[in-house]
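Please keep the model open while reading these notes, and follow each point on the structure itself. They are written for someone meeting such a model for the first time.

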Amino acid sequence: MTTVDLIMPKMGESIMEATILKWVKKEGEAIAVDETILEIATDKVDSEIPSPVAGILGKILFKENDVVPVGTVIAQIMVVASGDAAKPKPTPSVQEKAPAKVEAMTPPTPQNGSSNGHPTTPSPSPTRVAQTVTTSPVTRSSQNRFYSPLVRNIAQREGISTTELDTVQGTGLDGRVTKNDILSYISSRTTAPTQKSPVPVAPAITPSVPASQPVITAQPVSVAPATQGDNVEIIEMDRMRQLIADHMVRSVQTSPHVTSFVEADVTSIVQWRDKIKDQFLQQYGQKITFTPIFIEAVVRAIRDFPMINVSVEGKQIIRKKDINIGMAAALPSGNLIVPVIRNADYMNLMGLTKTVNDLADRARKNQLKPDEIQGGTFTLTNVGTFGNVMGTPIIFQPQVAIMATGAIRKKPAVIETKQGDVIAIRHMMFLSLSYDHRVVDGSLGGSFLRRVADYLEGFDPERPI
């Protein structure tokens with residue numbers, strides 16, 4: 001028998017963990033190739049994980065509702081080591097570790113009296129499983145209580161022991177301690193933690209005073225905790241909303257956000273769309289919206305300013321040669337999801353329209369595939385859908401810029417003509433660009449946004465479909 005490790009797959013560039021929703025198969029059950037083993041969920045999409053091999057489901061290492069970091073072994077599949085049947089298909093959800101590699105990591109220890117020469121074949125597998133589990137970032141207390149890596153890191157930074165952490169009341173799923181729970185607990189602690197070093201606090205207050213300064217850490221006790229009245233309704237965040245909240249906080253902490261604004265005259269686009277939309281639907285079977293027109297202008301501007309299409313890794317700037325545009329789409333639940341239009345620079349307006357409509361429709365039906373929500377290099381969000389004239393969106397990490405399009409409204413505007421300036425009713429809209437000021441300065445961000453507006457204002461009203 002050969003053991004194949006089932007790995008929690010990485011569902012996107014910014015996704016570091018996933019929740020196990022349901023084990024479709026139980027321990028000891030037979031599994032066919034490509035048969036669903038379990039269902040997982042991230043803040044972006046729910047997915048089914050298929051089996052890469054035919055065999056028997058062995059040890060399940062995590063329970064339903066556990067939050068598991070990507071790359072962690074979550075179960076084992078036992079397969080017959082004969083020919084291709086034992087070779088897993090190349091899939092991001094599994095990874096088979098060769099026995100030779102296992103022996104190199106955990107060489108068998110000779111035992112006295114074992115001179116009969118018979119190998120003990122089952123021993124490497126349990127040893128390897130134990131090592132995989134203990135080295136993963138998943139943390140459980142002596143009470144078998146789960147703590148996410150984020151909660152554990154905050155606890156370690158604040159000097160909170162595992163025993164003390166076990167006393168924190170959790171408001172998450174099944175009583176799980178969330179980030180807000182531990183931060184609330186820290187702010188209301190009655191005594192300063194013994195493991196927390198007072199050094200960072202003392203120099204900031206009175207550098208000349210010696211180590212008596214830990215008393216300062218007890219000052220938050222005087223702040224009374226917030227209390228709720230009787231006339232309130234407490235609503236627990238759903239799983240997606242909690243993860244979106246964490247991602248938004250991390251993005252603001254990672255990137256110093258700057259937002260620039262321009263106003264564009266899109267009268268030519270509005271009039272052109274009104275003129276051709278019925279013919280477009282009849283000819284292509286697709287309803288044309290403003291979104292693919294906006295994306296077309298963004299792609300052209302990215303070609304002019306390629307340093308907008310980058311990401312940051314440490315001290316390195318990674319310039320992306322592919323132009324993959326993410327478009328924020330609202331779900332019926334009120335949450336947002338960002339499907340990605342890959343290689344948007346190779347699509348004409350018809351191709352963009354069809355792709356936009358397809359992704360938006362399947363997003364509303366929760367039918368997007370994992371690879372359709374990852375790999376974006378620039379994001380567009382349309383706040384005008386909600387009647388807003390402008391917005392300051394938060395960057396979708398690891399990208400460095402996101403553009404928002406506001407509502408199109410009729411306004412009086414000054415138009416320059418050969419006969420002089422005149423005031424006319426025009427269709428106007430605001431564009432806003434939030435960008436990462438670590439690598440995008442005001443000149444680049446402002447020039448890029450202005451170029452998008454120029455392309456929109458220069459739209460040919462006689463353009464054929």
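**Notes on the model**

1. Aspartate 34 is found in the loop that runs between strand 3 (30–31) and strand 4, and its phi is near 70°, which is a positive value in a residue other than glycine. Please bear in mind from the start that this is a predicted model. The backbone angle deserves a second look, since most residues other than glycine have a negative phi. Is aspartate 34 buried or exposed, or does it fall in between? Its relative accessibility is 45%, and because buried means under 20% and exposed means over 50%, aspartate 34 counts as partly exposed.

2. Strand 4, which covers residues 36–41, follows that loop and is mostly covered, with five of its six residues buried. Strand 4 pairs with strand 5 in the antiparallel sense over five bridges, and it also pairs with strand 2 (residues 17–23), again in the antiparallel sense, over four bridges. Leucine 38 is a useful residue to find here, for it stands opposite isoleucine 49 in strand 5 and is also the bridge partner of tryptophan 23. For background, strands of a sheet pair through backbone hydrogen bonds, either parallel or antiparallel.

3. These pairings belong to an open sheet of four strands, whose order is 5-4-2-7 and whose pairing is antiparallel. Which strands stand at the edges of the sheet? They are strand 5 (46–50) and strand 7 (67–69), and because each has a single partner strand, one side of each is left without a neighbour in the sheet. From one strand to the next, the twist averages 40°.

4. Asparagine 343 gives another case of a positive phi in a residue that is not a glycine, with a value of about 50°. Asparagine 343 is placed in the loop between strand 18 (340–341) and helix 10 (349–364), and with a relative accessibility of 31% it counts as partly exposed.

5. The peptide bond that leads from glutamine 397 to proline 398 is cis, with omega near 5°. Proline 398 has its place in the loop between strand 19 (378–382) and strand 20 (401–405). A reader should pause at this bond, given that most peptide bonds are trans.

6. Serine 432 lies in strand 22 (residues 420–436) and is buried, its relative accessible area being 0%. Which backbone atom does the side chain of serine 432 reach? It reaches the backbone oxygen of glycine 391, at 2.5 Å. Leaving aside residues up to four places away in sequence, serine 432 touches several others, among them Thr259, Phe261, Gly391, Ile402 and Leu449, so that a buried position, defined as under 20% relative accessible area, can be looked at together with its surroundings.

7. Finally, the chain as a whole may be considered. Its secondary structure comes to eleven helices and 22 strands, and buried residues make up 43% of the 465 residues in the protein chain. Among contacts with a separation of 6 or more, 64% are between residues 24 or more positions apart. The protein chain exposes about 25100 Å², of which carbon and sulfur atoms supply 54%.

How values were computed
Residues numbered from 1 in each chain as written. Predicted model: local features only at pLDDT ≥ 70, side-chain atom pairs only at ≥ 80, totals over all residues. Heavy atoms only, no water. Helix = DSSP H or I, 4+ residues; strand = E, 2+ residues; numbered from the N terminus. Buried < 20%, exposed > 50% of the residue type's maximum accessible area, 1.4 Å probe, protein only. Polar contact = N/O pair within 3.5 Å; in protein donor to acceptor, adjacent residues only side chain to side chain. Contact = heavy atoms within 4.5 Å. Pairing = 2+ DSSP bridges. Axes fitted to C-alpha atoms, helices over the stretch in contact; angles between N-to-C directions. Areas by Shrake-Rupley, 256 points an atom, 1.4 Å probe, with all protein chains shown as cover.
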